[in-house]
Amino acid sequence: MRIEVPWGDASLALDLPDDWEIVRAANPSRLKAVESVELELERALSNPIGCAPLSNILRPEHRVACVVDDIGRPTPAFRLLPLILKRVASAGIPRENQTLVFATGLHRGLTEEEMVKKVGREVFQSVRCINHNAKDANNLLRLGTTSRGTPAIFNKGVAEADVRILVGTIEPHVQAGFGGGCKNLLPGVAAAESIGANHFLGADPEHFSMIGFAPDRNPMRQDLEEAALMLGGATFIVNTLLTPKLQVARILAGHPIQAHREGLSAVSHSYAVPLEQPADLVITNSYPLDVNLRQDVKSVANVLFAAKPNGTILALLRSRLGLDDVRIPSSRLGLPLEWIRTLLRAAPARAIRALSTSPRTGIAVEERFFLYFALQALKRNRIFVFSPTLASQVNGKLRGIPLSGDLDVAIREVKRRLPSRPRVVVFPEGGVTYPLMEGHA
């Protein structure tokens, strides 16, 4: 039995055992790409949601910070920024009062080549472009503390701007429910301390996987929006909705919360796939967010609950750039992950949280949260990975998760763990698709 899934610009063929019962190919609903991105952007900017148009907000004396998501995100900023900056210039704001900040959070900064690719050469050459640095205390400004205890510390230039224009994409997100909106601010241009506190609001069994959940049920989303609203001046978003092929289907502009909320319904209807019951095996493909391991793991996190407890997940991770800037925590824990997994079955939830989130481990904030999620996932399911790129780079570091660069070998290993005639669900575009199970709202 052969199935094919997208793999870069080509496809990947999987030869599966004949006794596997594929009960669902969980494809997202098809959003239709707009005929003209420029016309759609003009429409969105001229009819903003929840606030006045930019032309009514901007003044010649204003300092403007355009905050753009980083190179790992699919937002086609190079299609959007020329028209956005034209509006800024039309308000009489000189170039020296305009700054473009890449919302890197705790990720690495963009290279010059990546900046050009993200925003286009004309924008790169005409506006000052900088990477946010979450650990540079001299360029951070503290505004207060949220009701959940998160310090609201932001990039100083962004915080002191009179107007912030956030350019991003609304997509499913395993922690925040959905991307876009104020996420360009926290974690995008926040301090490492702020990012850690906000992320760890999801470090408990009830909230560790919140993909597709409404904002009012998501403490991480509520917290990051509360922190973002502490900023003075005006914040205006320009968020895209993308097709699975990463073409623009719609653009929403306006108030950072109200405009964002309007986009959630369209995204959830497109990328949520209803499942009546979980499967013995879930095969998930990292397309279309398959640039590196950091993005590829979303295809596992997105579909985790489509598998039964103790069920199996086979992750097909293209990881074009491989590990990129991801550091895999290992030795400082003192135990290999495969040993830890044996202990997890009996360990209370707080023990998992303490193991991964305690600063005493010496592991950086984002790596600790990465580890926390990995432990929760390994506690629930067995995970196998096929990835030629990662197999050549990891060299045994991904302990507890079998990894192969040979697809036939990976399928044979998975088969050994399955019951006879297993029920299988396939997510060909797992990077942006998630199961709609009981309890989502």
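A residue is counted as buried when its relative accessible area is under 20%. By that criterion, 58% of the 441 residues in the protein chain are buried. The model is predicted. The protein chain holds 16 helices and 20 strands. Among its contacts with a separation of 6 or more, 76% join residues 24 or more positions apart.

One open sheet has six strands, in the order β6-β5-β4-β9-β12-β13. Its pairing is mixed. Strands β6 (128-131) and β13 (248-254) form the edges, and each pairs on one side only. Direction ignored, neighbouring strands of this sheet are turned by 20° against each other on average.

Strand β12 (234-242) pairs with two strands described here. With β9 (residues 163-169) the sense is parallel, over seven bridges. Val163 has Ala234 of β12 as its bridge partner. With β13 the sense is antiparallel, and six bridges make the join. In this pairing Asn239 stands opposite Leu252 of β13. Helix α9 packs on the sheet and touches both β12 and β13. The direction of α9 makes about 15° with that of β12. Strand β12 is mostly covered, with eight of its nine residues buried. The hairpin of β12 and β13 has five residues between the strands. Within the hairpin, Leu246 takes a positive phi near 65°.

Helix α4 (112-119) also packs against this sheet. It lies across β4, β5 and β6. Its course runs at about 105° to β5.

In soluble globular proteins, nonpolar side chains tend to be buried together. The largest nonpolar core in this model has 39 residues. Phe154, Val158, Ile170, Leu185, Leu186 and Val189 touch the most other members. Several strands give two or more residues to this core: β4 (64-69), β5 (98-103), β8 (151-155) and β12. The helices that do so are α6 (156-160), α7 (192-199), α8 (219-228) and α9 (258-271). A second, separate core comprises 38 residues, including Leu54, Val68, Ile251 and Ala253.

The surroundings of Phe154 draw on several stretches of the chain. Neighbours within four places in sequence are left aside here. Phe154 is in contact with Asn139, Leu140, Leu141 and Leu143, and also with Ala159. Its other contacts are Leu185, Leu186, Val189, Ala190, Ala227, Ala228 and Leu231. Leu185, Leu186 and Val189 are themselves listed with Phe154 among the core residues that touch the most other members.

Another open sheet of six strands has parallel pairing. Its order is β3-β19-β15-β16-β17-β18. Strands β3 (21-25) and β18 (403-404) stand at the edges. Each has a single partner strand, so one side of each is left without a neighbour in the sheet.

Within this sheet, β19 (residues 423-427) is mostly covered, with four of its five residues buried. Four bridges join β3 to β19 in parallel. Glu21 has Arg423 of β19 as its bridge partner. Strands β15 and β19 are also parallel, paired over four bridges. Here Val282 is matched with Val425 of β19 as bridge partner. Farther along the strand order, β16 (residues 307-316) and β17 (residues 382-386) pair in the parallel sense over five bridges. Leu314 has Phe384 of β17 as its bridge partner. Helix α16 (residues 407-416) lies across β15 (279-285), β16, β17 and β18. Helix α16 runs at about 175° to β16.

The second largest pocket contains about 830 Å³ of space. Its lining has 31 residues. Arg73, Pro74, Lys117, Leu246 and Arg320 lie nearest the centre. Helices α3 (77-90) and α4 each supply at least two lining residues. The largest share, four residues, comes from α4. This is the helix that lies across β4, β5 and β6. Leu246, one of the residues nearest the pocket centre, is also the residue with positive phi in the hairpin of β12 and β13.

Definitions and conventions
Residues are numbered from 1 along each chain as its sequence is written. This is a predicted model: local features need pLDDT of at least 70, side-chain atom pairs count only at pLDDT 80 or more; totals for chains, interfaces and linings use all residues. Side-chain values use heavy atoms; hydrogens and water are left out. A nonpolar core is a set of buried Ala, Val, Leu, Ile, Met, Phe, Trp, Tyr and Cys residues joined through side-chain atoms within 4.5 Å. Buried means under 20% relative accessible area, exposed over 50%, partly exposed in between (1.4 Å probe, protein chains only). Contact means heavy atoms within 4.5 Å. Two strands pair if DSSP finds at least two bridges between them. Axes are lines fitted to C-alpha atoms, for helices over the stretch in contact, and angles run from 0 to 180 degrees between N-to-C directions. On a 1 Å grid over the protein atoms alone, a cavity is a set of points where a 1.4 Å probe fits but cannot get out, and a pocket is an open set with protein on both sides within 12 Å along at least five of seven lines; lining residues have an atom within 4 Å of a point. Grid points are joined across faces, edges and corners, and a volume is the space filled by probe spheres set on the points.
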